[in-house]
Structure formats: structure tokens, C-alpha cells
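User: I should like to learn how to read the features of a protein model. Could we work through one together?

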Amino acid sequence: MTAFEEFGVLPEIGRAVDEMEWTLPTDVQAEAIPLILGGGDVLMAAETGSGKTGAFCLPILQIVWETLKDIQEGKGQKGAGASGGATAKPWTMSFFDRGNALAVSPEGLKCQAREFKEWHGCRCTTGVQGAGKYYFEATVTDEGLCRVGWSTQSANLDLGTCKYGFGFGGTGKKSNSRQFDDYGEAFGINDVIGCLLDLQGNEVKFMKNGKDLGVAFRVPDNLRTETFYPAVVLKNAEMLFNFGEEAFKHPPPQGFVGLAAVDQKNVRKNPLAVPTAAAVADAKPKPNAPQAIIIEPSRELAEQTLNQITRFKKYLKDPLINELLLIGGVSVKTQMAVLQSGVDIIVATPGRLEDLIGGGYLLLSHCRFFVLDEADGLLQQGYGDLIDRLHKQIPKITADGRRLQMIVCSATLHSFEVKKMAERLMHFPTWVDLKGEDAVPETVHHVVVRVDPQKDTTWHNMRQRIQTDGVHAQDNVRPGNSTAETLSEAVKILKGDYCVRAIEEHNMDRAIIFCRTKLDCDNLEKYLKYVGGQKYSCVCLHGDRKPQERKANLDAFKEKQVKFLICTDVAARGIDITGLPFMINITLPDEKSNYVHRIGRVGRAERMGLAISLVSSVPEKVWYHGEWCKSRGRNCWNTNLTAQKGCCIWYNEMNYLAEIEDHLNITIPQVDKDIKVPVNDFDGKVVYGEKVLNSGTGYKDHVQQLIPVVQQLAELESKAQLLFLKHLPVR
Ligand SMILES: Nc1ncnc2c1ncn2[C@@H]1O[C@H](COP(=O)(O)OP(=O)(O)OP(=O)(O)O)[C@@H](O)[C@H]1O
């Protein structure tokens, strides 16, 4: 059995991850996989490179496959004995005899309704008839309004509002035929309500935590020969049922029998607890109605997640799972055709997803997983409204009675906006947050190099210099002139040079390099090619490059055909390049969370990585094309500041550095302009790009570490024994 199987993962999936050499689940996977398999909403806030993608893809794949398998085998509806199959338990709450916003847990013993304004009810799959004394227990497992009791088949699901149902509500009222009268006492979370039906004495009564509350109703003559079913109605509440298969918390009074032990001659199946033809038809999704929708903030990331799913599902056969990538830049007609041929899991970027849903080509009717990867990034990009709109359209309870599950993740999930969204859309989500707010993995060594054009004057007469962004083309900038504009231009020149220095100093043959703008990326690409040729082979990844070129460039870098990938923040999040040893920040990001994401491109999957940030000690004037800029930067040379309706700002990196340090609560080590990173700081055992050496508890190392402690223990033990023997009384 693989380690993943021990966490409840199917052997077929376990085998596929084993082949990927994932021997053990990462911490976040060990926490999140069982939670998602158990039906929960999860907020996953683990550090970069900690395996979040697998943590949500594996359980989703498993549940989607199991559902398809059930449909294939004609079970249609999973669990809860609803299908009436041979293995089904007789006493469970019904998937079919229920209100459409009430969820029943897979084993059929917990009911949950999250509607705030309406009541939603449910009846048991089995009932009792004929003289006898019957008992079951219902425990309130969450705050909210609930009413529990007995009803006949003719009763409506809003228990206690017609003459065929007898309910006891949390506010301390009993009700029948819409008549609400004081009874017993109020109850709430964790209280256990015993429901008693006496068809010998023809009475209904209730107990609270073992205390008998007395007779609530007399069963009218005309109902005495009817079948009575356990029933519940909830408003934003949850109740757990025990029909006697487990020991009761409070045993029933003398003569009452737990329902599971009732003589079969008095037991009747609920005729409404079987799927109707419509429900069976509904359970089978239309081809273009996927079960899972995963939203990613960039095309590259969407493609990467889809590739992982394809690898994980390698051994999941019969039925096969169909996954589809929905991103811009790909023919929409092809995507529509694939949708019609059947899809189960969609990985998408927001724009194309909404287009296809809006056009009716993609249905949300069977969506049971709604995943927002890099959720804070999606919100930063302004997709909050779109997320709300989509969530509104997805049914909250699936055709087979399961609640929609929402999974939200990022390495930087603690923003106010994410928390608000979680409150709005998620149901009692569990936080999987192993290291606290925005932590940097220990495998990432990150340092800062100050670029100070006043101290380092090499820019005065540099022969090969980078083409700068042209912000100062009209300014009088020249060595010896120490205006802010001159120093700003000098920073731009020095940064090109420092980048090459960093590459040389660390013999970098693979690195990802982040620039602030697309123009900066293009200029750096030209410069590296100019000064190094093949030695500094590089490609760019940013929003002005065509989708095909972006893909080809990323692939070329992944396959080591080129050494350097120069990009904007479009690649800051999620991109996973195995064993990438180095990253360089030519400029710090203005959004502090993006620092965590950018440097997190290295030091992934337990490998070491070095991140070097070039930080200007003087303000630098840079381009900032907002909505007001008609061409959004293309051929725009308006160097006025934004306050004067221009397209430039002064960028103060020292401030951004302070903000980042404050946010992460650390001081990032500074190194000199020779960019030598002192080995002692990082224990000298590090080879960037390789797995951590001499760490962890490798067996050999472990023994070495334990020898002195064990010796000390042995000595103490022998001393203790000698003392004991010395003081033994002599007989
Ligand atoms: N259990 C595992 N064992 C070994 N390697 C793993 C395991 N889980 C994930 N990985 C590898 O770790 C790397 C990082 O995983 P992943 O991309 O899911 O990280 P992430 O947490 O999503 O990071 P980010 O926040 O940067 O998006 C990948 O190369 C993946 O193949």
C-alpha cells in the first residue's frame, strides 16, 4: 500500500503518484486530502512549492471518478441507501425524500441545510408501523434552526406544518398542523434529542439529553395504522441521526426500541425514498456539465494543473475521466466541440470560462467542486465579481444530495478580500495553514543587493550597456550630473550589469528573471543575447507575446533548451520548474505578496534555491500606464507623472523592501555588489537546485545524532540501578 493510499487515496491514483516518485504526501497534502475526501470546504494557505496542486487535484479526481463509476453501474446516487441496493443500510436519511437545498452526508446520517431564509426538510428511508414503542436520537451539530420528530408519508417536508407531521423545535415549541405551542425547553448545539413514538399508547414525546419532556402529541385515530418516518426540517442548521446502529447517548425509556432493532414485520420502506425517473435522468450529467471547475489566474498555470491531472489519472480506467483546458488564445470552436463530447473536469482561466458559460456551451448543473487556485491573485486581478456570479449559478446541492465543495488556495491567502469572499461563499471552511501568514520556505535563500549609483560609478563609462526604457530620453542625464533623473537612469544601466554579474558569480545555467514591465523584459532579453550570445540564451514570457509564443518559450525553458526565462508577474505564481536553482528580481514587485510568489519559483519540492533581488537605493522613474493611457503603453512616450495625467511614477524600491520585510517579519540579508552569498549563512552544504543535504532524519545521520544522548541515557540507567541495589534491604 502506498503512503497516499493510507490517506484514503484510490490505489490507481496511488500508483500514478508513486511513479512520479511522490513517496510521501507533503504536509499540506496530508491535511487537505482527507478533508476534501470527507466533503469539506478548504482554505489552503501553504507556502510556495509545497504541493497544493496535488492536495486538491487528487481528491477531486477520486470523487469525480467514483461518481462516474456509480452512474456507470446504475447506482446513480451514491451512499445513503437511497438506491435500495443490497448493501444499503436500511435506516438512513433519504437523498430523494428531501428538500432541494438540504444535503445528506454520504453515509446518510447527517442532514445539513444552509439556506438562511427557507426551511428544508428530509425524511428517513424507512419507517415503522403497528403497535410498538420506537426510538431514535438526533444531535444538533451546528447552530441554526431545527425541528425534528415523526411524520407520515402524506406529510409535507416542512415538519409540523400539516396534520401528518409532529415536530419539536429548538426554540422549545412543538408543532402540528401549523400550531406552535410551548413544550419542554429550548435546545441547541450539541444537545441530543430523543424522539419517541408509542403506537401502543398512541403518543409522541421527546427527551432532551436524556430528560423526559413529557407527552407532546396524541396520535389521532385516523393515523394509528399509518407508517411513521423519522423526519427533520432545518434552516441554516445541521443534525446528526442515530437510529440505533451506534450505542445511543441516552438510552430510551423502558419498553422503547431503537429503530435499527425493530422487528421486520413492523418496518416499512419509504416509497418516496427511491429515485424518480427524473432524478435518475438528472443524476447523469449532460456531456457539457462537468463535475469540477478549477480556475487559475494564468494560461500557463492552467495548463500546468491540467497536466498534473492527466498524470494522476493515468490508471483510472473504466470509466475514463475527461479533463479540458479552457484558456484564451485557443480556438473556441475546438473547445465547444470537446465540451459536447463530454467533460468531467475543467481547468480554466476566468475570461474564457465565463464566455463559454454565458453562451450556454458549458453547464454548471452538475458542478460539485469549485476551486480557486491562487485565489488572492484572482481577486487582485479584479475577478471577484465574476467568481460571485459563477458561484451563484452553481447549484448548492448536487443531484445526488451532496453539497457543493469549494476549495481556495494560495501561498498568500491571508488578505482581507479572501477572508471576506470565504465568509460570503464558503460553508464552515477548514483552514489548512501550516506555517502561518505568508511564510517563505526554508529551502529558499533570498538576499538583496543594493544598487547605488552614487557609490558604484561604473555606469559612467560602461561600454556595453542595456537599452533602458526611455523614460529619461528627453532628460538631461549624464555622468557628473547628480539629478534624480540621472541617478534613475544610472540605476537602470547598473541593473543590467548586476544581472550579468549575478549570473557569472553563481555560474547560473538556469534562472528565472523578473522584470517590472514588458518593455524591461524585452530590453533585458536583447542585452543578454548581445553580451553573451548562446552563453546567456534566453526567452521572454509576458502579456504582449502571443499565446503560442508564450507556451513555446516556457516549454523551451522547462526543457533546458534555453538558460534564462525573463518574465513579468504573469509567471510569478504557481509555475513549477523542477529543480530550478536561481531567480533574480531586477525590480521588487510593488505588491508584497508577489515577492513570496516570485521567490517561490525556486526552493520547491525540498530542493534548495537562491533568490537575488536588485534593489535601487535611489528612486527610479518608471512607466505606469493606467486606464487613462489609450494605447496601454504601446508607443506611449508620455513621461509626465500620473498626477499630471502622464504615464510615469517614481518607484521607491527601498520603501517596497521595507514593506516586504515588515510583512514577512524578517530582515532579508544584504550582500555586496560582488553578489557573493556567504556560504556560512546557509551552512555551506547547499547546492542550489539539489535536494537539501544532511538535513532531515536520514537513517545514518539520525544514528550519529543520537549516539551521545543514548550513551548518556545508558549511563543514567546503570547509575539508577546501582543506587536501587545499594539501598535494597538486606534480609
Ligand atoms: N508528495 C510529493 N512528493 C514529492 N514531490 C511532490 C509532492 N507533491 C508535490 N510535489 C512536487 O512539488 C512541486 C511543487 O508542487 P506544486 O506546484 O503543487 O506547489 P504549490 O504548493 O502549488 O506551489 P505555488 O504556491 O508556488 O503554486 C511540484 O514539482 C510537484 O511535482
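User: How many ångströms should helix α6 span, and how far apart are its end C-alpha atoms?

Analyst: Two remarks on the source come beforehand. Residues are numbered from 1 along each chain as its sequence is written. This is a predicted model, in which local features need pLDDT of at least 70, side-chain atom pairs count only at pLDDT 80 or more, and totals for chains, interfaces and linings use all residues. Helices (H or I, at least four residues) and strands (E, at least two) are DSSP runs, numbered from the N terminus. The expected span of a helix is 1.5 Å times one less than its number of residues. Helix α6 covers residues 299-312, so its 14 residues should span 20 Å, and the 20 Å between its end C-alpha atoms agrees with this.

User: Which residues of α6 are buried?

Analyst: A residue is buried if 20 or more other C-beta atoms lie within 10 Å of its own, exposed if 12 or fewer, and partly exposed in between, with C-beta atoms placed from the backbone. In α6 the buried residues are R299, E300, L301, A302, Q304, T305, L306, I309 and F312.

User: Into which domains is the chain divided?

Analyst: Domain bounds come from an automatic or database domain assignment. Domain 1 comprises 3-72 + 283-433, domain 2 comprises 93-273, and domain 3 comprises 444-620 + 652-678. Between the C-alpha centres of domain 1 and domain 3 there are 33 Å. Two residues are in contact if their C-beta atoms, placed from the backbone, lie within 7 Å. Domain 1 gives 17 residues to the contact, and domain 3 gives 17 residues. On the side of domain 1 that touches domain 3, α6 and α9 (375-380) each supply at least two residues. The largest share of that side, 4 residues, comes from α6.

User: In what order do the strands β20, β21, β19, β22, β23, β1 and β24 lie, and which stand at the edges?

Analyst: Two strands pair if DSSP finds at least two bridges between them. These 7 strands form an open sheet with parallel pairing, in the order β20-β21-β19-β22-β23-β1-β24. The edges are β20 (323-326) and β24 (430-432); each has a single partner strand, so one side of each is left without a neighbour in the sheet. For angles, axes are lines fitted to C-alpha atoms, for helices over the stretch in contact, and angles run from 0 to 180 degrees between N-to-C directions. From one strand to the next, the twist averages 15°. Within the sheet, β22 (residues 369-373) and β23 (residues 405-409) run parallel and are joined by 5 bridges. Here V371 stands opposite I407 in β23.

User: Which strands does helix α3 touch?

Analyst: Helix α3 (residues 27-37) packs on the sheet and touches β1 (42-44), β23 and β24, its direction making about 165° with that of β1.

User: Is strand β12 largely enclosed or left open, and why?

Analyst: Strand β12 (residues 192-198) is largely enclosed by the rest of the structure, because 5 of its 7 residues are buried. It runs antiparallel to β7 (residues 133-142), to which 7 bridges join it. Y135 stands opposite L196 in β12. With β13 (residues 203-208), β12 pairs in the antiparallel sense over 6 bridges. I193 stands opposite K208 in β13. The hairpin of β12 and β13 has 4 residues between the strands, and N202 there takes a positive phi near 60°.
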